Amino acid sequence: MKKTLQATLIGLTLCSTASYADNAITQTVTDDHVVAGDFIQIALPATGLFAAWLNDDAEGVKQLTYSLATTVGIVQAGKFAVGRLRPNASNNASFPSGHTAAAFSGAAFLQSRYGAKWGIPAYLAASYVGVSRIHGNRHYADDVLAGAGIAFLTNQFFVSRYTPEGSV
């Protein structure tokens, strides 16, 4: 009986001092890839604005703004509604990935509005953002896919191909 009580007390002591966030599986990675992903998720929508400016495309600015704002709204509502714990256990805002959604919103805009010349490099960069979120232990793969999907579908609703004035 005495050994059982001691084992129970030792077990409870170990459990009470261990923190879920201190587990090696839940460690957050912050390296150059994660930091680059943080910047690229802003740079891609900004590149969309730059491309619209280059083409004197006020309609493109409006479409990007609507698409990005709607994407962010859907993602934030999803985070609130789902409340999924992040892989690093930092909070309950894992699903869907906001960084990936922002990056794919910019990439989808560039592809849909201005074609593959802009879109292919943008999609590669947006994919890098998604991978960096998984690598940094901020998101699961399905969080990233959901963020990308939301951005892509929202873009399909708001964005049309650019046709310069005077062309048919």
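Here are some notes on this predicted model, moving from the overall fold to a few individual residues.

1. **Overall fold.** The chain contains 6 helices and 0 strands, and read from start to end it follows the pattern α-α-α-α-α-α. It has 168 residues, and 37% of them count as buried. If you like to think about contact range, take the contacts with a separation of 6 or more: 74% of these link residues 24 or more positions apart.

2. **The largest nonpolar core.** This core has 17 residues, and the members that touch the most others are Phe109, Leu110, Tyr114 and Ala126. At least two residues come from each of helix H2 (32–54), helix H4 (98–114), helix H5 (116–135) and helix H6 (141–158). H4 provides the largest share of the core, with 6 residues.

3. **Leucine 110 as a place to look.** If you want one residue to centre the view on, try leucine 110, one of the core members that touch the most others. Leaving out neighbours within four places in sequence, leucine 110 is in contact with Leu44, Thr47, Gly48 and Ala51, and also with Gly115, Trp118, Gly119 and Ala122. Leu110 also appears on the H4 side of the contact with H2, which is the next point.

4. **H2 against H4.** A helix pair is described by the angle between the axes and the distance between them. For H2 and H4 the angle is about 25 degrees and the axes are 8 Å apart. Angles under 35 degrees count as roughly parallel, so H2 is roughly parallel to H4. The crossing of H2 with H4 is left-handed. On the H2 side the contact involves Gly37, Asp38, Gln41, Leu44, Pro45, Thr47, Gly48, Ala51 and Ala52, and on the H4 side Gly98, His99, Ala102, Ala103, Gly106, Phe109, Leu110 and Tyr114. By class, these residues divide into 9 nonpolar, 7 polar and 1 charged.

5. **H3 against H6.** Here the packing angle is about 140 degrees, and the axes lie 9 Å apart. The crossing of these two helices is right-handed. H3 brings Gln63, Tyr66, Ser67, Thr70, Thr71, Ile74 and Val75 to the contact, while H6 brings Ile150, Ala151, Thr154, Asn155 and Phe158. The residues of this contact split into 6 nonpolar and 6 polar, with no charged ones.

6. **The cis peptide bond before proline 96.** Most peptide bonds are trans. The bond between phenylalanine 95 and proline 96 is cis, with omega about -10 degrees, so you may enjoy a look at this spot. Proline 96 sits in the loop between H3 and H4. Its partner in the bond, phenylalanine 95, is 10.0 Å from alanine 77, C-alpha to C-alpha, with the two positions 18 residues apart in sequence. Alanine 77 belongs to helix H3 (residues 58–82) and is partly exposed, at a relative accessible area of 45%.

7. **Histidine 139, a buried loop residue.** Histidine 139 is placed in the loop between H5 and H6. Is histidine 139 buried or exposed? Its relative accessibility is 2%, and the cut-off for buried is under 20%, so histidine 139 counts as buried. Not counting residues up to four places away in sequence, histidine 139 touches Lys79, Arg86, Pro87, Ala93, Ser94, Pro96, Ser97, Gly98, Arg133, Ile134 and Val144. Proline 96, from the previous point, is thus among its contacts; the two residues are 43 apart in sequence and 8.3 Å apart in space, C-alpha to C-alpha.

8. **Two residues with positive phi.** Most residues other than glycine have a negative phi. Aspartate 56 has a positive value, near 50 degrees, and asparagine 137 has one of about 65 degrees. Where do they sit in the chain? Aspartate 56 is in the loop between H2 and H3, and asparagine 137 is in the loop between H5 and H6. Their surroundings are worth viewing side by side: aspartate 56 is exposed, with a relative accessible area of 73%, whereas asparagine 137 is buried, at 14%.

Note on methods:
Residues are numbered from 1 along each chain as its sequence is written. This is a predicted model: local features need pLDDT of at least 70, side-chain atom pairs count only at pLDDT 80 or more; totals for chains, interfaces and linings use all residues. Side-chain values use heavy atoms; hydrogens and water are left out. Helices (H or I, at least four residues) and strands (E, at least two) are DSSP runs, numbered from the N terminus. Buried means under 20% relative accessible area, exposed over 50%, partly exposed in between (1.4 Å probe, protein chains only). A nonpolar core is a set of buried Ala, Val, Leu, Ile, Met, Phe, Trp, Tyr and Cys residues joined through side-chain atoms within 4.5 Å. Contact means heavy atoms within 4.5 Å. Axes are lines fitted to C-alpha atoms, for helices over the stretch in contact, and angles run from 0 to 180 degrees between N-to-C directions. A crossing is left-handed if the near helix is turned anticlockwise from the far one by less than a right angle, and right-handed if clockwise. Ala, Val, Leu, Ile, Met, Phe, Trp, Tyr, Cys and Pro count as nonpolar, Asp, Glu, Lys and Arg as charged, and the others, Gly among them, as polar. Angles under 35 degrees count as roughly parallel, over 145 as roughly antiparallel, 65 to 115 as roughly perpendicular and the rest as oblique.
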